[in-house]
Amino acid sequence: MLRRILGKVFSGKSLFKAAHPRVIARKVHGIERDHISRGATQTCETLQKSGHAAYVVGGAVRDLMLGRAPKDYDVATSASPEQVRALFRRSRIIGRRFRLVHVMFGAETIEVSTFRGSVEAGAVDSRQATDEHGRILRDNVFGSLEDDARRRDFTVNALFYDPVREEVLDFHNGAADLKAKKLRMIGEPTLRYREDPVRMLRAVRLAAGLGLEIEHGTRKPIRALAELLQNVPQARVFDEMMKLLLSGHAAEAVRRLRKEGLHHGLMPVLDAILEQPLGERFVMSALENTDRRVNADKPVSPGFLFAALLWHQVLEAWKKATARGVKTMPALFEAMDQVSQEQAEKLAIPRRYSADMKEIWALQPRFENRSGRRPFTLLEHPRFRAAFDFLLLRCASAELDPALGKWWQSFQDADPEARTEMLVAPTPGDAKKRRRPRRKKRVAPAADAAPTG
Ligand code: ATP
Ligand code: MG
């Protein structure tokens with residue numbers, strides 16, 4: 001009780017709290033042991049039986065306390081990576097910057113990390129290194145449970161759940177912040193962002209995904225420090241962006257990125273696009289569409305997403321090339337190459353995604369053709385579905401006449417005979433009179449229809 005009162009008096013002074021975690025009992029934290037992954041509880045039990053401390057940590061505890069199902073489970077332990085490795089037959093040590101152990105249970109992988117500590121300020125230690133901006137390059141100094149809690153990013157991410165005792169340890173008032181829907185950095189925010197600028201992106205992603213408000217002091221330094229993200233290796237920023245885009249809250253997260261001034265230089269695609277009204281509408285509806293799919297547990301193709309994010313840059317380059325007199329398809333390919341090359345310099349989109357992305361783009365002009373055999377061939381294309389969904393996005397953003405999307409929807413739904421009936425005459429002059437006359441609504445021929453962006 002005394003501790004609780006003092007905890008309140010000293011709230012914000014993490015040193016005091018760090019030494020005395022608040023112990024939250026089962027009926028308060030509400031986590032049901034049975035709802036936790038077997039792999040996570042088994043990992044903790046095995047480690048504890050061998051005399052080590054072991055807790056479920058991080059996002060999983062936070063999500064469980066919010067009544068959400070965690071995506072994955074992390075375990076923190078006093079055992080060294082080698083000791084963990086020796087206890088689990090199906091496990092391996094990974095990572096350089098941050099060594100940890102993956103323990104496998106069937107299809108599930110539990111990430112087990114040894115409690116992190118830090119070397120004394122000013123001390124030189126090969127296990128921990130920073131660059132000239134204060135960014136942590138290596139972080140393999142081990143420490144105590146308290147040290148580990150202090151090195152985590154946000155208070156709500158520093159909750160430790162012991163599945164054996166069914167208790168949550170809270171060193172930094174994370175449970176109270178969670179209840180108050182606040183995302184608060186542990187320690188001094190500016191310093192913590194300098195150590196790892198990706199924390200700025202994490203703040204925005206977590207806040208958007210969990211419906212939390214970024215606490216004032218945590219939020220304030222972001223704008224001024226945003227440029228530090230330029231020093232982070234591309235692959236890490238890419239991973240974090242993928243997490244954000246596939247979180248099921250991408251539209252909200254991108255809105256918040258802009259609000260915090262984080263979209264510039266982060267994803268060049270966002271820079272260029274969000275500035276133009278048509279592009280913005282397109283990107284936001286692509287993100288909303290992705291969010292709906294993620295939340296309905298439908299698969300989302302990153303290739304599709306990148307195709308959408310970059311489309312308006314392609315459109316613009318396509319328009320320019322046709323204006324120079326290049327024919328529709330060669331102009332589109334030229335634009336595609338140009339945009340993917342520019343992107344490759346700034347954001348390393350893995351080849352497997354960029355191949356899908358280009359295929360989706362390349363199929364677009366083929367939707368303009370609704371006569372003869374061509375619509376039937378397109379329907380059988382293995383990427384038809386993705387390309388069609390993409391067409392619908394273009395229609396929804398007013399780039400194309402929605403009638404074109406509707407036509408393709410009906411064409412797919414119709415039986416073969418009715419499909420033939422639906423075909424549009426190749427040119428007005430030579431077509432026989434059909435029952436359904438050619439509609440005015442046909443979107444203008446590809447050459448001038450495409451580059452309207
Ligand atoms: P998600 O729901 O996306 O998995 P998460 O918070 O679990 O969110 P992870 O990347 O799985 O994110 O990280 C697990 C935990 O590791 C975090 O909850 C946090 O305690 C700690 N952590 C992760 N990244 C950082 C970081 N950049 N700096 C400090 N602590 C971090
Ligand atoms: Mg996690």
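**Surroundings of ligand 1 and a local feature of helix α17**

In this predicted model, the shell around ligand 1 holds 17 residues, of which R62, R152, D196, R199 and R205 come nearest to the ligand. When these 17 residues are sorted by the character of their side chains, 13 of them are charged and three are polar, while one is nonpolar.

Several polar side-chain atoms lie opposite oxygen atoms of the ligand. For R62, which is one of the residues that come nearest, the distance between a polar side-chain atom and an oxygen atom of ligand 1 is 2.9 Å, and for R152, also listed among the nearest, the corresponding distance to an oxygen atom of ligand 1 is 3.0 Å. A polar side-chain atom of R202 likewise lies 3.1 Å from an oxygen atom of ligand 1. Considered alone, ligand 1 exposes an area of 590 Å², and 82% of that area is buried by the protein.

The space that ligand 1 takes up is the largest pocket of the model. The elements that contribute two or more residues to the shell are α5, spanning residues 59–65, α10, spanning residues 198–210, and α13, spanning residues 234–245. Among the contributors to this shell, α10 provides the largest share, with four residues. At the level of domains, residues of the shell are given both by domain 1, which covers 22–180, and by domain 2, which covers 187–276, and ligand 1 therefore lies between the two domains.

A separate feature concerns T322, a residue of helix α17, which comprises residues 302–323. The side chain of T322 reaches the backbone oxygen of K319 at a distance of 2.9 Å. T322 can also be placed relative to L332, which is 10 residues away along the chain, with a separation of 8.5 Å between the C-alpha atoms of T322 and L332.

Terms used
Residues are numbered from 1 along each chain as its sequence is written. Chains are lettered from A and ligands numbered from 1 in the order in which they are written. This is a predicted model: local features need pLDDT of at least 70, side-chain atom pairs count only at pLDDT 80 or more; totals for chains, interfaces and linings use all residues. Side-chain values use heavy atoms; hydrogens and water are left out. A residue is near a molecule or strand if one of its heavy atoms lies within 4 Å of it. A polar contact is a pair of N or O atoms within 3.5 Å; within protein, one must be able to donate a hydrogen and the other to accept it, and residues adjacent in sequence count only if both atoms are side-chain atoms. Accessible areas come from the Shrake-Rupley method with a 1.4 Å probe; for residues, only the protein chains shown count as cover. On a 1 Å grid over the protein atoms alone, a cavity is a set of points where a 1.4 Å probe fits but cannot get out, and a pocket is an open set with protein on both sides within 12 Å along at least five of seven lines; lining residues have an atom within 4 Å of a point. A molecule sits in a cavity or pocket if more than half of its atoms lie within 2 Å of its grid points. Ala, Val, Leu, Ile, Met, Phe, Trp, Tyr, Cys and Pro count as nonpolar, Asp, Glu, Lys and Arg as charged, and the others, Gly among them, as polar. Domain bounds come from an automatic or database domain assignment.
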